[in-house]
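Student: I have this one open on my screen and would like to go through it with you. Could you take me through it step by step?

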Amino acid sequence: MTTPNELSDKALAIFAFAIYHQLASGDSVTAVTANDPAGHRADPEAIAELEQHELALAAGGKITFTPAGLLMLEQLLDRLRGQWR
């Protein structure tokens, strides 16, 4: 299983983007946009890295987290809150 220590900062930024939206909305996030109207764009190499580690799939302008990616997202959020599973 891949750990956050194995990911580049750009790949972690995709998780950070998802965490931001989850905390801001209070809703669970399962996917994020790869390119939004405000000009924010996920790094293509970071997307490829997440796909290589089977943490996410990119299609139709969205980055959708796999079950392993959702688990990592949950663990990162827990860690941010001072918990770790």
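Tutor: We can go through helix packing, charged residues and a few single positions in turn. This is a predicted model, in which local features need pLDDT of at least 70, side-chain atom pairs count only at pLDDT 80 or more, and totals for chains, interfaces and linings use all residues. Residues are numbered from 1 along each chain as its sequence is written, and side-chain values use heavy atoms, with hydrogens and water left out.

Student: OK, helices first: at what angle do the axes of α1 and α2 cross?

Tutor: The axes of helix α1 (residues 9-25) and α2 cross at roughly 85° and come within 8 Å; axes here are lines fitted to C-alpha atoms, for helices over the stretch in contact, with angles from 0 to 180 degrees between N-to-C directions. The two helices α1 and α2 are therefore roughly perpendicular to each other, a label that covers 65 to 115 degrees, while under 35 counts as roughly parallel, over 145 as roughly antiparallel and the rest as oblique. Helices (H or I, at least four residues) and strands (E, at least two) are DSSP runs, numbered from the N terminus.

Student: And which residues in α1 and α2 meet?

Tutor: From α1 there are Lys10, Ala11, Ile14 and Phe15, and from α2 Ala46, Ile47, Glu49 and Leu50, where contact means heavy atoms within 4.5 Å.

Student: Switching to charges, how many salt bridges does the count come to?

Tutor: The count comes to 1 salt bridge, defined as a side-chain nitrogen of Lys or Arg within 4 Å of a carboxyl oxygen of Asp or Glu. Lysine 10 forms a salt bridge with aspartate 43, with 3.5 Å between the closest N and O atoms. The pair links distant parts of the chain, since lysine 10 is in helix α1 and aspartate 43, 33 residues apart from it, is in the loop between β1 and α2. Aspartate 43 has a relative accessible area of 23% and is partly exposed; buried means under 20%, exposed over 50% and partly exposed in between, using a 1.4 Å probe and protein chains only.

Student: What about aspartate 36, how far away is the nearest side chain of opposite charge?

Tutor: That side chain belongs to arginine 41 and is 10.0 Å away, and aspartate 36 is buried yet has no salt bridge. Aspartate 36 sits in the loop between β1 (31-33) and α2 (44-52), and its side chain reaches the backbone nitrogen of histidine 40 at 2.9 Å.

Student: Alanine 34 caught my eye too; what does alanine 34 touch?

Tutor: Leaving out residues up to four places away in sequence, alanine 34 touches His40, Arg41, Ala42, Ile47, Gly61, Lys62 and Ile63. Alanine 34 also lies in the loop between β1 and α2, and at 14% relative accessibility it counts as buried. Its C-alpha atom is separated by 6.0 Å from that of isoleucine 63, although the two are 29 residues apart along the chain.

Student: Then where is isoleucine 63 found, and is it buried or exposed?

Tutor: Isoleucine 63 is found in strand β3 (residues 62-65) and is buried, with a relative accessible area of 0%. Beyond four places in sequence, its contacts include Ile14, Val32, Thr33, Ile47 and Leu57.

Student: Last one: what is the phi of glutamate 54?

Tutor: Glutamate 54 has a positive phi of about 60° although it is not a glycine. Glutamate 54 lies in the loop between α2 and β2 (56-59), and at 59% relative accessibility it counts as exposed.

Methods
Lys, Arg positive; Asp, Glu negative; His and termini not counted. Polar contact = N/O pair within 3.5 Å; in protein donor to acceptor, adjacent residues only side chain to side chain.
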